[in-house]
Amino acid sequence: MRILRLGIEGFGPFAARQEIDFEALDEAGLFLITGRTGSGKSSILDAVCFALYGSAPRYDGGQARLRSDHADPGTPTSVSLELAVGTDRWRVVRSPEYVRPKRRGDGFTREPQSASLERWDSEGDGWVGVAARPVDVAEHLGPILRLTREQFLQVILLAQGRFQEFLRARSEDRLGLLRALFGTERFGRFEAEVAERAKSLEQAVGAATAALHADVGRLAAVAEEEAPAQDEAAWAAAVAARLAAGAERAEAAAEHARRAFSDADRAAALAVTTADRQRRRTEARAAIARLDTQGADVAAARVRIAAAVRVLPVLPSVQAAERADAALQLADRAAVDARRAVGEDVADPASAGAQLEGRLGALAEVLALERDLPPLASAVPAAEAAHTAAEEHLATLVAEADALPAQRSALDAALARAEAAVAGAAAADEALVRCRRLVAAVAEQARAAQAVGAADLAHEAALAREAEALARTRSLVTARLAGAAGLLAAELRPGDPCPVCGSAEHPHPAEQDARTPDEGAIALAEEHQRTAAEQRAAAGTAASSARAAHAAAAGAADGRTAAEAEDLLRDAVRAVDGCRAAQSARADAVRALATLTARGATLAASVDAARARLQQRAADLVGARSAHATAAARVAEARAGHPSVAEHAAGLRRRLEALRSLEVAERRLAQADADRQDAALRLDRALAEASVADAAAVRAAALPAAEREAQEARVRSWETARERAGAQLRDPDVAGAPDEPADVDGAAAAKAAALAARDAAAEVLAAARGRAAQGQQLAADIAGRHGAIAQERAELEVVGPLAEVVRGGGTNALRMRLESYVLASRLEQIVVAANARLGAMTDGRFVLQHDDAVAYRGARSGLGLEVLDEHTGRPRPVASLSGGETFLASLALALGLAEVVSAEAGGVRLDTLFVDEGFGSLDRRTLDTAMETLDSLRAGGRMVGLISHVEAMQEDIPAGLHVVRLPDGSSEVLPRIPAGV
């Protein structure tokens, strides 16, 4: 895998788009990424990791913070990365989720995350799309990279803060890191599954045993026997057989009780039937006797009903004659009232009414004119007002049109003045930009001057601390040398040769001075001296950078003071504001001229229309006056002495209505008299046909329909009841009933006793069957549980010890879990690969060792690391290494880890390696050793990128990238490619 090109925009400290061509650094092989602290060196590696995996090591859990705070609102946040894997070339473009201003309106909107993956087609059309969603890009990149994110950070991108993490980690922490790199979670899951299986088997055996004992107890309770101590299955089978025999005996007794109840039930039913036959015979005899006492009343009712039925055909004619007499009387009274309303004797009401209708018809048109007189009268002033308004409107339009030429002249002059002022706008804008840059440069010069002073003070203080540390170290070394004789004498033993002279006799050994410093104090002083030197170097670099920044700012300030720069800026702002005001005035003048031209054309048309409208209003006024005069003359003529034509017409209509009422009343009177005569003739014929004397006899014999129907129903009910009682008495079943009363109560008592005996036998049978069924089920359950318990115990004897071993207990002498054991073998491979480089970097002094000793108080073991010091021949903790030694050991271990992980990932070829770590903690000799090791990684065409601000490394590695912090706070990446590379 080789990183070819990286594009960054709106990401981290990079506001503007940055294009980084790593292919240009291929020939150098080893390159350096430099820049001031906080400039964004590590953000380059963050961008690489984000492009491939959608997250950055320093921003875990905070994707929204990946967006640059310095980016403009319209600048997107995106990272594009080109890489080569084998013979294929890929490009991935990814954007995080971030908030941006809305394109329309106010407020903000959330931009969703996005990603795309493309493959270069050298024979086709270039880049070809492969995936366009984050989930699809991740799915396609997995088989291409063949490295997880954690593996990538340990193999290709050694991110800041992770370089020494693996060396100093505890066994438990190292377990988590190795698990993420090698994917050994399956062994942990196997441990959990085996333990869970052993636990479930133990619980199952316990539960099954408890259930077996419970079933034996329940069976003993059912059989009312003592539970056995052993051989439960055989005992349960025998108990089930005994319970089944008891159920058979109970079933025979129940069958005998059922037959006895059946006989008693039939006897009781016969007694009830006999008693019912006797009851029905007695009831029929009593009913006949009661009905015979009502015979006379029923006969009288039959006679009354016959008379009423005979007069039914005549009754409608009687009622019609009575209604005709009443209608004649009403019609006569109405005719008298109508003649009184007319007030005079009129021979022919119809002819008089026709004459009145003719007169009313002649008044209809004049009535309409009378109603229109008020509107016609008010129309005259309205027409006069409209005529006056039309005259005034025409005069206004003519005056406005006459004023247009003067307005146009004024606007032409204003437009000319604005054009002259706008001509200098471009020069004013350029002057404003220059002044703003000058103000910023003057302010930056002041800040840079303060930074130079502070950096110089810090450098001087660092020099003083270094001198003090050096003097302290020299003092301790001198004191150590002065007391060397005493230290040697303290170690002399009688008979042992002196390490100085070789003599076995020591007549005058030197006295040991208690003030002589030990090696630990000298080593601590040397460590303080190295720290002071590093701080002095860093302070010197910072001071140089501050002076360079101050010189650049002074050049940009051009010797101006802050007050002068501010004055120039205010003048430029006023000039730009004046140009902008002139631009606005020019636009206003152009719009006003266009409006004035349009208004002139509109006024000409409006004047013509106003003259035509005035002529029309004059004609309307003449017409209104003429219409009102004509209508008033016709209305006055038609009133005929009445206050109005309407009142005259109302009187005529009232007279007409009275004549019509009289005409109707006389017609109704004639019709009523004819109807009365016809009804009398029909009544006479009906009386003769029915042989009834007169209408009074009809009314006397007639019955209301409801009363007649009630009488008829009473007669029918008596006849039905008499027939029903006779039929019941004639029934052979009733007539043949014995005279001796049936013993119903005795038969019922015998039936109840037989029922109780049957129910008792049924209960005994049900209980016996239940006990037999329960015994059979429990016996089967007991036999089944015996087999299941034996099988689960056999499996538990295998799984239980296995669970103890895989979790580090039982016969596991190393007390090492299964996953730890697997990872321990990987760790041994990593140590072997690391020692190949650590021995070369430390001249064979240090060798890393895998420590699988049992940890204290149950802590995880098997993944410990220690370092063997060849000077002492004894191992010691890695925490005892000095800062430089720790760096070398960490570097060797990280490179070894990268090799093993690469092999574990299927032999992934690693053509690019980034190391982001503090080389400033190394002295010159150790730094050279580390550089030789890193330089050796270039073999086979590998490209190695280092991140550091150590000046010595910049001299040794000329090729690389330099990250510069811009005045606005954002950063820019500048390539450093020496000639010939």
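Me: How many helices and strands are there in the chain?

Reply: In this predicted model, the chain holds 23 helices together with 17 strands. Its radius of gyration is 64 Å, well over the 30 Å that the globule rule gives for 981 residues, so the chain is more spread out than a compact globule.

Me: What box do the C-alpha atoms of the chain fill?

Reply: Taken along the principal axes, the box that these C-alpha atoms fill is roughly 190 × 135 × 65 Å.

Me: What share of the residues in the chain is buried, and how much area does the chain expose?

Reply: A residue counts as buried when its relative accessible area is under 20%, and in this chain 36% of the 981 residues are buried. The chain exposes about 54,100 Å², of which carbon and sulfur atoms supply 54%.

Me: Which contacts join residues at least 24 apart in sequence, and what part of the total are they?

Reply: If one takes the contacts in the chain between residues at least 6 apart in sequence, 74% of them join residues at least 24 apart.

Me: Where is glutamate 82 placed, and is glutamate 82 buried or exposed?

Reply: Glutamate 82 lies in strand β4, which covers residues 78–85. Because the cut-off for buried is under 20%, glutamate 82, at 11% relative accessibility, counts as buried. Leaving aside neighbours within four places in sequence, glutamate 82 is in contact with several residues, including Arg2, Arg5, Arg89, Arg91 and Trp127.

Me: How many positive and negative side chains does the chain have?

Reply: The chain has 117 positive and 141 negative side chains, and the centres of these two sets lie 5 Å apart.

Note on methods. Residues numbered from 1 in each chain as written. Predicted model: local features only at pLDDT ≥ 70, side-chain atom pairs only at ≥ 80, totals over all residues. Heavy atoms only, no water. Helix = DSSP H or I, 4+ residues; strand = E, 2+ residues; numbered from the N terminus. Rg over C-alpha atoms; globule rule 2.2 N^0.38 Å. Buried < 20%, exposed > 50% of the residue type's maximum accessible area, 1.4 Å probe, protein only. Contact = heavy atoms within 4.5 Å. Areas by Shrake-Rupley, 256 points an atom, 1.4 Å probe, with all protein chains shown as cover. Lys, Arg positive; Asp, Glu negative; His and termini not counted. Charge placed at Lys NZ, Arg CZ, Asp CG, Glu CD.
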